[in-house]
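Let's take a walk through this protein from the sheet outwards. Keep the viewer open and follow along.

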Amino acid sequence: MINNLWSKDYKSAKKKFINSIDILQSKDIEVQIDSIEINEYDIDGNSLCIDIAYIGKIDAKKIYISTSGIHGVEGFAGSAIQLEILNNIKEIPDDIAFIFVHILNPWGMSWLRRENESNVDLNRNFLYGNEQYSGSHPHYSKLDKLINTANPPRRYNSFNIQLFFHSLIHGKIKTKQAYAEGQYDFPKGLHFGGHKLEKGPNKFIDYLKLKLKNVSNCMWIDLHTGLGPSGEDALLVDLNSKDKKYKELKSQNFGHRIASLDPKEGVAYKIRGGMQRGIEVRFPEINWTSITQEFGTINGISVISSLRTESSWVHYSKLKDKDIINHWCKKDLLTAFRPFNKKWENKIVCRGLKLFNQTLNILKNQSTT
């Protein structure tokens, strides 16, 4: 059963998601499906959209949100987990509804990119209020020529060694934070947060404005891959380790898996323009519990190397359309975020379902007053 959850491409993942929703509807479970057009196309010229299923009563006070694929190519694992969860839903609690957002960046998954069609890292794109789409970590400019090469990639290079020594010289934490927090000054660079709120995020926020009007409590799990030990999951929260909610999560059978985004406290890093925080501040009346479930794949430097080579190929290969996807760097990128290993696949799906059940119980026990 688990093997059928894993898709070969975005098109087949979408088909499986819609089929799972159809099965739920056939069981007389209340489901509303929305497909949000983003006016982009997949590698075969088909129109792309963000598919969202709302399951349960429209006036529910508690909402459980599951999101996948904001980093396109990471969507293979997120999709498989969501399918497993959907296939195990037997009934809907009276006071809870579910929102399953299947692949927030369908263009990225289709074209095997982490970024969207504008080279924007959408999980750095949700700035809010007076925040300006400008600036970068002071150290990013020193990394620029190392991680963003202005020429087609070479399969064999010394990048891993260079980055290792760069981290030794300048500090691992500073290098990690500078590389990953999000930057708004290098449009062709990695972790570019954009110059405005992108159309996909904008439409997703509009959708939530309609669905969260009467909501008091929300549990949100955002699914990612590429960070940490292979097959292990970290539960990342944008909370200080002294925060009351952080301590509560630590005590609820998660233990060391709960990790702050503070780069000094674990594998993660603080980010600008993150989706979960960016949406939380737009809906301040809701009691949010937001967790990023991050699954490890391969070693961190190799993940960065795959992103670096794929990015330089996209920007400097001079190829366009479908031709650009038939290159070794695309396969390397896919493997970096979706290892083709049955043991890894099974572990990811099982851990995803387990976290769903654990966090759903937390939401059930939360007071709405």
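A quick word on terms before we start: two strands pair if DSSP finds at least two bridges between them. Helices (H or I, at least four residues) and strands (E, at least two) are DSSP runs, numbered from the N terminus. What you have here is a predicted model, where local features need pLDDT of at least 70 and side-chain atom pairs count only at pLDDT 80 or more, while totals for chains, interfaces and linings use all residues. Residues are numbered from 1 along each chain as its sequence is written, and side-chain values use heavy atoms, with hydrogens and water left out.

Start at strand β6, residues 233-237. Three bridges join β6 to strand β7 (residues 258-260), and the two run parallel. If you want a landmark, Val-237 has Ser-260 as its bridge partner in β7. β6 also pairs with β8, this time in the antiparallel sense and over four bridges; there, Ala-234 is partnered by Glu-294.

How enclosed is β6? Five of its five residues are buried, so the strand is largely enclosed by the rest of the structure. (Buried means under 20% relative accessible area, exposed over 50%, and partly exposed in between, with a 1.4 Å probe and protein chains only.) In a regular strand the side chains alternate between the two faces of the sheet. In β6, Asp-233, Leu-235 and Val-237 point one way, Ala-234 and Leu-236 point the other way, and all are buried.

Now step over to β8 (residues 287-296), which pairs with β5 in the parallel sense over ten bridges. Met-219 sits opposite Thr-289 of β8. β5 (residues 217-230) is mostly covered too, with eleven of its 14 residues buried. β5 also pairs with β3 (residues 62-68), again in the parallel sense, over seven bridges, and here you can spot Ser-66 opposite Ile-221 of β5.

Those last two residues turn up again in a gap inside the protein. Rolling a probe the size of a water molecule over the atoms shows where empty space is left. On a 1 Å grid over the protein atoms alone, a cavity is a set of points where a 1.4 Å probe fits but cannot get out, and a pocket is an open set with protein on both sides within 12 Å along at least five of seven lines; lining residues have an atom within 4 Å of a point. Grid points are joined across faces, edges and corners, and a volume is the space filled by probe spheres set on the points.

By that recipe there are two cavities of 30 Å³ or more. The second largest has a volume of about 50 Å³, and its lining includes Ser-66, Ile-221, Tyr-64 and Phe-356. β3, α2, β5 and α12 (342-365) each supply at least two lining residues, with α12 giving the largest share, three residues.

The largest cavity comes in at about 60 Å³. Among its lining residues are Asn-105, Trp-107, Glu-117 and Glu-198, and α3 (106-110) and α7 (199-211) each supply at least two of the lining.

Trp-107 also shows up at the second largest pocket, where Trp-107, Val-314, Lys-320, Asp-321 and Ile-324 lie nearest the centre among 13 lining residues. This pocket has a volume of about 280 Å³.

Asn-105, meanwhile, leads us to His-71, in the loop between β3 and α2 (75-88). Is His-71 buried or exposed? At 3% relative accessibility, His-71 counts as buried. Leaving aside neighbours within four places in sequence, its contacts (heavy atoms within 4.5 Å) include Asn-105, Arg-113, Asp-121 and His-224.

Two helices are worth a stop on the way out. Ser-20, in helix α1 (residues 10-26), counts as buried at 7% relative accessibility, and touches Leu-83, Leu-86 and Asn-87, not counting residues up to four places away in sequence. In helix α4 (residues 140-147), the buried residues are Tyr-140, Leu-143, Asp-144, Leu-146 and Ile-147, and these pack against α5 (159-170), α6 (172-180) and α10 (300-316).

Finally, the cysteines. Cys-49 is buried at 7% relative accessibility, whereas Cys-350 is partly exposed, at 47%. The structure holds zero disulfides, a disulfide being a pair of cysteine sulfur atoms within 2.5 Å.
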